[in-house]
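Trainee: Could you give me a close look at one part of this model, starting from a strand pair and moving on to the charged contacts and enclosed spaces?

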Amino acid sequence: MKLGFIGTGVMGNSLVKHLLDHEHEVSIYTRTAKKAENLVEAGAILVDSPKQVAENCEVIFTMVGYPSDVEEVYFGDKGILQHAKSGSVLVDMTTSKPQLAQRIFEAAAEKGLHALDAPVSGGDIGARNGVLSIMVGGEKDIFKQISPILNLFGENIVFQGPAGSGQHTKMCNQITIASNMVGVCESLIYAKKAGLDPERVLRSISTGAAGSWSLSNLAPKMINEDFRPGFYIKHFIKDMKIAAEEAESWGLELPGLKLSLKMYEQLAAQGYEDKGTQTLIRHYEA
């Protein structure tokens, strides 16, 4: 198939690799061409705008930074909705606002296009290993149609319901991670204060009732002071703000989410916004 991918950052880069490894023709667009050099060497076709991706591809994936970027990529003059061929499938894998996913779905339907919101979880490790969790909203028939492609980089792929449902599910995911990351950090700090070997502690608690993806994958990075981004703090703050806004609109109080958001915003103010989310441990070491 002729596939398109817009956004080749930390995670998008790995997803395009999976598509190329399975011999799909992939056109890519990224604002920073240097980030895509390895993909071009592997056979991807680098183009100059989302418009060119839309004109040449049957299925178009997007994975960009913020809702404002999603709006530009889809609704801009050189955006996907203006230039995609009738019948094309548009899959936004960005973590974005549920209402924006619904807007894209409705605008796409008016033009004879099909849109899915399909945010992911699993970070750079999940993307690299092709084992992401993918949460999908939109038309179920279209989901089934492109599932073979999603299977190339996802392991746990679940259709959640109408447009926006994938984004709401991702908010559930991020809310869970937000409080969990606080727990992971506090556990490690406690272990150090108690004079324990944190790595040995992890061997005991990672497979018990306390086990989590963050504990298994990010706690070792905290111990080794490896703060390279698998998932940027600035993007996690964006996600938590979306979740907080949704909750507030329903009158729903989520104190764990609010606490984590506040702590990460403090880290961003200290210059850590481009570091990985595991940098939260710095909040306790300051």
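Mentor: Gladly! Helices (H or I, at least four residues) and strands (E, at least two) are DSSP runs numbered from the N terminus, and two strands pair if DSSP finds at least two bridges between them. This is a predicted model, where local features need pLDDT of at least 70 and side-chain atom pairs pLDDT 80 or more, while totals for chains, interfaces and linings use all residues. Residues are numbered from 1 along each chain as its sequence is written, and side-chain values use heavy atoms, without hydrogens and water.

Begin at Leu132, which stands opposite Gly154 in strand 9. Strand 8 (residues 132-137) and strand 9 (residues 154-161) run parallel and share 6 bridges. Between these strands the chain passes through helix 8 (residues 140-150), giving a right-handed β-α-β crossover (clockwise from the first strand over the helix to the second, with the strands pointing away from the viewer).

Now the charges. The whole structure holds 11 salt bridges (a Lys or Arg side-chain nitrogen within 4 Å of an Asp or Glu carboxyl oxygen). One of them joins Arg31 and Asp69, with 3.3 Å from N to O. Arg31 sits in the loop between strand 2 (25-29) and helix 2 (37-41), and Asp69 belongs to helix 4 (residues 67-75), 38 residues apart. Arg31 is exposed at 66% relative accessible area, whereas Asp69 is buried at 14% (buried is under 20%, exposed over 50%, partly exposed in between, with a 1.4 Å probe and protein chains only).

Helix 4 also provides Glu71, whose partner Arg103 lies in helix 6 (residues 98-110), 32 residues apart. Their side chains meet at 3.3 Å, N to O. Glu71 is partly exposed at 33%, and Arg103 is partly exposed at 37%. Elsewhere, Lys238 and Asp239 form a salt bridge at 2.9 Å, and both residues are buried. Lys192, Arg282 and Glu285 are joined into one network by salt bridges that share partners.

Helix 6 leads us to the enclosed space. The largest cavity (points on a 1 Å grid over the protein atoms alone where a 1.4 Å probe fits but cannot get out; lining residues have an atom within 4 Å of a point) is lined by Tyr74, Asp92, Ala101, Ile104, Phe105, Ala115, Leu116 and Asp117. Helix 6 and strand 6 (114-117) are the elements that give two or more residues to this lining.

Notes: On a 1 Å grid over the protein atoms alone, a cavity is a set of points where a 1.4 Å probe fits but cannot get out, and a pocket is an open set with protein on both sides within 12 Å along at least five of seven lines; lining residues have an atom within 4 Å of a point.
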